[in-house]
Amino acid sequence: MRHRVCAALIEEQQILMVELHTPSRTFWTLPGGGVESGETKEQAVMREVLEETHLRITIERQLYEISIDQGTETCFLVRRALGSPAPRLGIDPELPFDQQELRTVRFRPLRELHDDPQIARLLTLL
């Protein structure tokens, strides 16, 4: 089973998202990734956000856990840790430098994302 985590960081009616460019498509998603062996979901989401955005976060609460292909996705409502700087693009340490999929990190207005299934799910829970 593969377990994934993601983080919903909302500030001033905007949500932090990363743009991914894979061989098959380009899309926006919440920061997150796979849970490593011996790691809790909370530890995984904190590590993934740090890797992808250089932000240290604190977890407020779990928003949802859903079944996905061969595992689960757990999403947490998070906030920026005190003193954490503005987000900046990080890396996926599992991929070689010339094969990075992360392209952009930025806050996106929630009002523009109602058609995004991941964001729509979040909005029903907030």
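Helices here are DSSP runs of H or I with at least four residues, and strands are runs of E with at least two, numbered from the N terminus. Welcome to a predicted model, in which local features need pLDDT of at least 70 and side-chain atom pairs count only at pLDDT 80 or more, while totals for chains, interfaces and linings use all residues. Residues are numbered from 1 along each chain as its sequence is written, and side-chain values use heavy atoms, leaving out hydrogens and water.

Let's start with helix α1, which covers residues 41-53. Right after α1 comes histidine 54, with a positive phi near 65°. Within α1, the residues Ala44, Val45, Arg47, Glu48, Val49, Glu52 and Thr53 are buried, meaning under 20% relative accessible area with a 1.4 Å probe, protein chains only. Their cover includes the strands β1 (2-11), β2 (14-21) and β5 (57-68), among others.

Two of those helix residues, Val45 and Val49, return in the largest nonpolar core, where they join Leu9, Leu16 and Val78 in touching the most other members of the 16. Such a core is a set of buried Ala, Val, Leu, Ile, Met, Phe, Trp, Tyr and Cys residues joined through side-chain atoms within 4.5 Å. Two or more residues each come from β1, β2, α1, β6 and β7. A second, separate core has 13 residues, including Cys6, Ile15, Leu77 and Ile119.

Finally, some charges sit over rings: CZ of Arg or NZ of Lys is within 6 Å of the ring centre and within 35 degrees of the ring normal.

| Charge | Ring | Distance to ring centre |
|---|---|---|
| Arginine 25 | Phenylalanine 27 | 3.9 Å |
| Arginine 121 | Tyrosine 64 | 5.1 Å |

Terms used:
The expected span of a helix is 1.5 Å times one less than its number of residues. Buried means under 20% relative accessible area, exposed over 50%, partly exposed in between (1.4 Å probe, protein chains only). Contact means heavy atoms within 4.5 Å.
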